[in-house]
Amino acid sequence: MAKRRLLLMLKSLDIHPYSQLDLLSRTTTPRVLGYLENRRKVHEDAINFCQDVLRKKAVDWQAICRNNLSQDSQPIHNVDLVVTIGGDGTLLQASHFMDDSVPVLGVNSDPTQVQEVEEFSEEFDATRSTGHLCAATIGNFEQVLDDILDDRRTPSNLSRMSICLNSQLLPTYALNDALLAHPCPATVSRCSFKIKREGHPCSPLVHCRSSGLRVSTAAGSTAAMLSAGGFAMPILSQDLQYMVREPISPGAAYSSLMHGLLKPDQSMVASWFSKDGVIYIDGSDVSYSIKYGDTIEMSSKAPVLKVFLPHHLLS
């Protein structure tokens, strides 16, 4: 039997704030500097631990740094499993290079420690990645990996979002959300949108002035959408949730249409009416410029992402 082929995608050790310790040493207390250096060391130890585990297994593997990937990088193929080591951001970035043929396992390299959050609460926020989609830490990585390699654990299909700009499909599928907004957060975003089913309108045309329009998947509904007043959706839902951010005087006729759901057979078609705009996909790292008159269509008609999820998300 051929060996399984694994790809490790690693959060970089040379990222802010780790890469700016010399600068921070002139402006930050030794206690905070010690904390930041410890975060770098914990992540490095997690990478080394996972690699040591893989050396004991009958698998072929290679590691790449997420910082070495760009929107022009080739899709991930010819592997049986992608393992991300970092947090949700590392898994999100990996998803942008994956179709529905390869599953991914997230390892949260440095989970938030409640006692540290309390200890540093008067100086800064010591909260780290929640690792919402990560099924493993160094504490259970080997067991989770063995379950996967022995086919005792199966991945879940997470719905993603496809985005078309002027009828052209963008190459990046959103796992969390997409935000349409002016590049300056203090500038009003102007757009109109309607919901379609099988190409036919099934909602009124909604005109809005706001700070942007966000559309999220089920996986992304516990992130910015929830913080903005949305609701958490079942992780395996195929619906999309949308919300107009900070609408300006929407009026009674439109107020109920500022927030809602798109079913799997529906899409949202938005027309952009500001001079400048940006489509942000899963945060700020992936973005596409838009201009006055552009049309953006969003739907869940996208390849799913196969993810090994934490058990508590499925219960």
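This report covers the cysteines and one helix pair in a predicted model.

## Cysteines

A disulfide is a covalent bond between the sulfur atoms of two cysteines. The count in this model is zero disulfides. The cut-off applied is a pair of cysteine sulfur atoms within 2.5 Å.

Two cysteines show why a bond is not assigned to them. For Cys134, the closest cysteine sulfur belongs to Cys50 and lies 11 Å away, which is too far for a bond. For Cys184, the closest cysteine sulfur is in Cys191, at 17 Å, again too far for a bond.

The surroundings of Cys134 and Cys184 can be stated as relative accessibility. Cys134 has a value of 7% and so counts as buried, while Cys184, at 33%, counts as partly exposed.

## Packing of α2 and α5

Two packed helices are described by the angle between their axes and the distance between the axes. Helix α2 spans residues 30–55 and helix α5 spans residues 141–149. The angle between α2 and α5 is about 40°, and their axes are 10 Å apart. The two helices are therefore oblique to each other, and their crossing is right-handed.

## Residues at the helix contact

On the α2 side, the contact is made by Phe49, Cys50, Val53 and Leu54. These meet Phe141, Glu142 and Leu145 of α5. By class, the residues of this contact are six nonpolar, no polar and one charged.

Cys50 thus appears in two places: it is part of the contact of α2 with α5, and its sulfur is the closest cysteine sulfur to that of Cys134.

Methods:
Residues are numbered from 1 along each chain as its sequence is written. This is a predicted model: local features need pLDDT of at least 70, side-chain atom pairs count only at pLDDT 80 or more; totals for chains, interfaces and linings use all residues. Side-chain values use heavy atoms; hydrogens and water are left out. Buried means under 20% relative accessible area, exposed over 50%, partly exposed in between (1.4 Å probe, protein chains only). Axes are lines fitted to C-alpha atoms, for helices over the stretch in contact, and angles run from 0 to 180 degrees between N-to-C directions. Helices (H or I, at least four residues) and strands (E, at least two) are DSSP runs, numbered from the N terminus. Angles under 35 degrees count as roughly parallel, over 145 as roughly antiparallel, 65 to 115 as roughly perpendicular and the rest as oblique. A crossing is left-handed if the near helix is turned anticlockwise from the far one by less than a right angle, and right-handed if clockwise. Contact means heavy atoms within 4.5 Å. Ala, Val, Leu, Ile, Met, Phe, Trp, Tyr, Cys and Pro count as nonpolar, Asp, Glu, Lys and Arg as charged, and the others, Gly among them, as polar.
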